[in-house]
Amino acid sequence: METSGTTNTETHFTDIPDLAEQLKEYRLDRFGGATKPAGIRVSELGWPCTRYLVHSVLDWDNRAPPSDWAKMRMQEGADREKIVMRDLNAIGANVWGQQDTIEWRALNIVGHPDAKWYYEATRDPSSKFGPLEFKYTNERYFRKLNDPADFLNGDIFLRKWYSQLQIYTLLLNCEIGFFLLEECPGGVPKFIICPLDYEFAERELQRAEEAQMYISEALAKPNRKPEYPDKINQHAICNRCPFAHVCMPDLRVDSALNIIDDQMLIELLERRQELELAASEHRAVCKKLNMMLPDSVGQYMAGDFVIKQTKVDRKGYSVAPSSYIMRKFTCLKKRREDEKPS
Ligand code: SF4
C-alpha cells in the first residue's frame, strides 16, 4: 500500500490520457484551416484598407493564423449560433436561409448571412425580411453595443460587423438588417435593428470595386508580381493587420515584430491597460492601509468594514533555477497620445 500521495500519483496515473488535451485537439480539428476565398468576403469589407482586401484574396494562404484560443472561441461562437437558430425556430420566428451564399459577380463579392428573418407574418416572397447577423460577444462589447452607431464608431472589428450587415442589407435589397447579440458567458440576448446606411454601403462597394481591379489584373497576369493599392500606414490599424508581415516585411525584419491577429487577445490587452491605473491605485491604497492598521492579531471594525487580522507563519523555501518569459506591455495608442505636443 502506498504511503505517499505524490508517489501514488506518479506511480499509477501517468498513463491516463489528458481529456482536456484531447478535447482541444478535436475542437481545433473541427475549426480546420484557412480556405481559399471565392472572392472578396463580405465579412472582410469593413477593414478600412483597400490593400488589405487585395491581400485577403491574393495572399489568403499567407494570413497570420489565429491563436488556438481564438480558434476555439470562434468555434464556440459557431456552435452557439446553431443553438440560437434552433431556439428562434422554437419560438416560431420566420428565420430562413441560414448561411446561404450571396454574391455580386461584377465586384467579386461573396458572403453568407447567418440568416434572413421574415419579420412580417409569413415567409411569403412579398413579405418583408432583413439579414440577421448573430454575434456571440464578450461582456465588454455586449454592454457597449446598443445602437447601430456603436458599431460604426467602435473599434475595427465592430466596424467590420457593421459593414458586413450593411452590405448584406444592400445586396438583399432590404430596408433593415438585424443584429442578434448574445453575451458570453451567460447567453443573455440583445436585439438591435440596423437600418440600411446607403451611403456607407456604397462607399464600401466602391472600395471593393477598386480592390477587384487589382485582383483581376493580378489573376490575369499570374507570372507578374502583383500590384497592390497604396498602404494606409496607420499604426492603429496596421498593428492589427494579419497581412502586415506580407505588406510591410521591412517592419517585421527590422523590429522582429510578429503580428498576432487575435481579437480576443487584443481586447484583453486593452482591458489590462484600462485596469492598470486602478490596479496601481489599489496597490497604493493597500500599502497605506497596512501602515495605518494596528500591527496585532484581532478583529476590528471601521465604518461598514470588519477587518480580521491573524498571524501567518511564512514558510521558507528555495526556488530552483528555471527560466520564464518576462512580458512588458507598451500601449502604442497611449504612447502616441503622450508624445503629442501639448
Ligand atoms: S499592414 Fe496596413 S497598409 Fe498593409 S494591408 Fe494591412 S492595414 Fe493595409
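**Ligand shell and helix packing**

In this predicted model, 13 residues surround the ligand, and Cys49, Lys231, Cys238, Cys241 and Cys247 come nearest. Three elements each give two or more residues to this shell. They are helix H3 (50–58), helix H9 (235–238) and helix H10 (244–247). Helix H3 gives the most, with 3 residues. By class, the shell around the ligand holds 10 nonpolar residues. A further 2 are charged and 1 is polar. Cysteine counts as nonpolar in this division.

Another feature is the packing of two helices. Helix H7 spans residues 156–171, and helix H8 spans residues 198–220. Their axes lie 9 Å apart and meet at an angle of about 95 degrees. Angles of 65 to 115 degrees count as roughly perpendicular, so H7 is roughly perpendicular to H8. On the H7 side, the contact involves Ser163, Gln166, Ile167 and Leu170. On the H8 side, Phe200, Ala201 and Glu204 take part. The residues of this contact divide into 4 nonpolar, 2 polar and 1 charged.

The chain as a whole has 342 residues. Its secondary structure comprises 13 helices and 10 strands. Of the residues in the chain, 21% count as buried. Contacts were also sorted by separation in sequence. Among those between residues at least 6 apart, 61% join residues at least 24 apart.

Key: Residues are numbered from 1 along each chain as its sequence is written. This is a predicted model: local features need pLDDT of at least 70, side-chain atom pairs count only at pLDDT 80 or more; totals for chains, interfaces and linings use all residues. A residue is near a molecule or strand if its C-beta atom, placed from the backbone, lies within 6 Å of it. Helices (H or I, at least four residues) and strands (E, at least two) are DSSP runs, numbered from the N terminus. Axes are lines fitted to C-alpha atoms, for helices over the stretch in contact, and angles run from 0 to 180 degrees between N-to-C directions. Angles under 35 degrees count as roughly parallel, over 145 as roughly antiparallel, 65 to 115 as roughly perpendicular and the rest as oblique. Two residues are in contact if their C-beta atoms, placed from the backbone, lie within 7 Å. A residue is buried if 20 or more other C-beta atoms lie within 10 Å of its own, exposed if 12 or fewer, and partly exposed in between; C-beta atoms are placed from the backbone.
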